[in-house]
Amino acid sequence: MASSLQLQFRLSPSTTPALLRHRPIQCATDRRALFDRIAPVYDNLNDLLSLGQHRIWKRMAVSWSGAKAGDCVLDICCGSGDLAFLLSQKVGSNGKVTGLDFSRQQLSIASSRQTSLSRPCYKNIEWVEGDALNLPFSDGSVDAITMGYGLRNVLDKRKALEEMLRVLKEGSKLSILDFSKATQPTTASIQEWMINNIVVPVASGYGLAEDYKYLSKSISEFSTGKELEKLALEREPYQK
């Protein structure tokens with residue numbers, strides 16, 4: 001029910017200017033409003049949708065990113081911060097984690113969790129409201145990027161990949177984790193049954209049934225793992 005995509009890009013060397021805090025967002029207003037609405041229950045419903053496995057997959061995604069102590073790393077579509085917190089533990093107090101999302105409510109929850117969890121290493125995390133299609137970071141400024149459950153919701157996947165490629169340093173890695181369209185009939189049937197009989201009914205209890213019908217549609221219409229791999233390999237090298 002989930003696929004992961006690990007990419008490694010080679011870019012020309014560059015300096016590492018400071019990360020910017022924000023830039024005007026050009027994403028679809030309705031999608032941003034949707035994620036603002038579902039923010040309070042998003043993590044709980046992800047547990048249901050994945051039967052709790054998403055927490056294991058997130059640790060795998062962070063491991064695949066190659067983030068290490070002292071790195072400057074970026075988590076795109078960070079939501080309530082799960083991947084950013086894991087990255088923080090990897091890069092340590094001498095590193096820097098930026099969690100970027102277009103949903104102000106999701107970022108508010110992430111910031112509250114950062115305060116309540118109160119681990120010393122989490123002080124290295126900064127939350128930025130921004131657009132995955134117009135990343136507010138300089139060329140070649142990031143040592144590693146993660147993206148969890150975000151690629152299927154961006155308006156232009158190709159542009160999102162171009163932006164991630166642009167900000168990555170030479171030899172850096174991008175690790176993408178997402179639910180994908182099932183290619184096996186049995187798996188597809190199980191996935192559809194879980195969404196219709198578990199996730200959407202539970203979301204209904206929070207008044208979010210229509211919102212989660214959209215999210216389930218985004219999964220069924222998302223690319224397969226092979227299609228995503230082909231899209232990544234089609235990327236032209238970033239030119240300054």
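The following exchange concerns the fold, the cavities and the cysteines of a predicted model.

Trainee: How many helices and strands are there in the chain?

Mentor: The model is predicted, and local features in it are considered where pLDDT is at least 70. On that basis, the chain holds nine helices and six strands.

Trainee: What percentage of the contacts with a separation of 6 or more is accounted for by residues 24 or more positions apart?

Mentor: A contact here requires heavy atoms within 4.5 Å. Among the contacts in the chain with a separation of 6 or more, residues 24 or more positions apart account for 82%.

Trainee: What percentage of the residues in the chain is buried?

Mentor: A residue counts as buried when its relative accessible area is under 20%. The chain has 240 residues, and the buried share of them is 52%.

Trainee: Is Leu161 buried or exposed?

Mentor: Leu161 belongs to helix 6, residues 157-167. Its C-alpha lies 8.9 Å from that of Leu151, which is 10 residues away in sequence. The relative accessibility of Leu161 is 2%, and the cut-off is under 20%, so Leu161 is buried.

Trainee: What is the volume of the largest cavity?

Mentor: Rolling a probe the size of a water molecule over the atoms reveals where empty space remains. Searching the whole structure gives three cavities of 30 Å³ or more. The largest cavity has a volume of about 360 Å³.

Trainee: Which element gives the largest share of the lining of the largest cavity?

Mentor: The lining of the largest cavity comprises 30 residues, and those nearest its centre are Cys77, Cys78, Asp101, Tyr149 and Gly150. Two or more lining residues come from each of helix 1 (29-38), helix 2 (42-50), helix 4 (82-91) and strand 3 (96-101). The largest share, three residues, is that of helix 2.

Trainee: How many residues in the lining of the largest cavity are charged?

Mentor: Sorted by class, the lining of the largest cavity has 15 nonpolar and nine polar residues. The charged residues in this lining number six.

Trainee: Why does Cys77 form no disulfide with Cys78?

Mentor: A search of the whole structure finds zero disulfides. A disulfide would need two cysteine sulfur atoms within 2.5 Å. The closest cysteine sulfur to that of Cys77 is in Cys78, and this pair is too far apart for a bond because the distance is 8.1 Å.

Trainee: Which cysteine is partly exposed, Cys77 or Cys121?

Mentor: Cys121 has a relative accessibility of 16% and is therefore buried. With a relative accessible area of 22%, the partly exposed residue is Cys77.

Notes: Residues numbered from 1 in each chain as written. Predicted model: local features only at pLDDT ≥ 70, side-chain atom pairs only at ≥ 80, totals over all residues. Heavy atoms only, no water. Helix = DSSP H or I, 4+ residues; strand = E, 2+ residues; numbered from the N terminus. Buried < 20%, exposed > 50% of the residue type's maximum accessible area, 1.4 Å probe, protein only. 1 Å grid on protein atoms, 1.4 Å probe; cavity = no way out; pocket = protein on both sides within 12 Å on 5 of 7 lines; lining within 4 Å. Points joined across faces, edges and corners; volume = space filled by probe spheres on them. Nonpolar A, V, L, I, M, F, W, Y, C, P; charged D, E, K, R; others polar.
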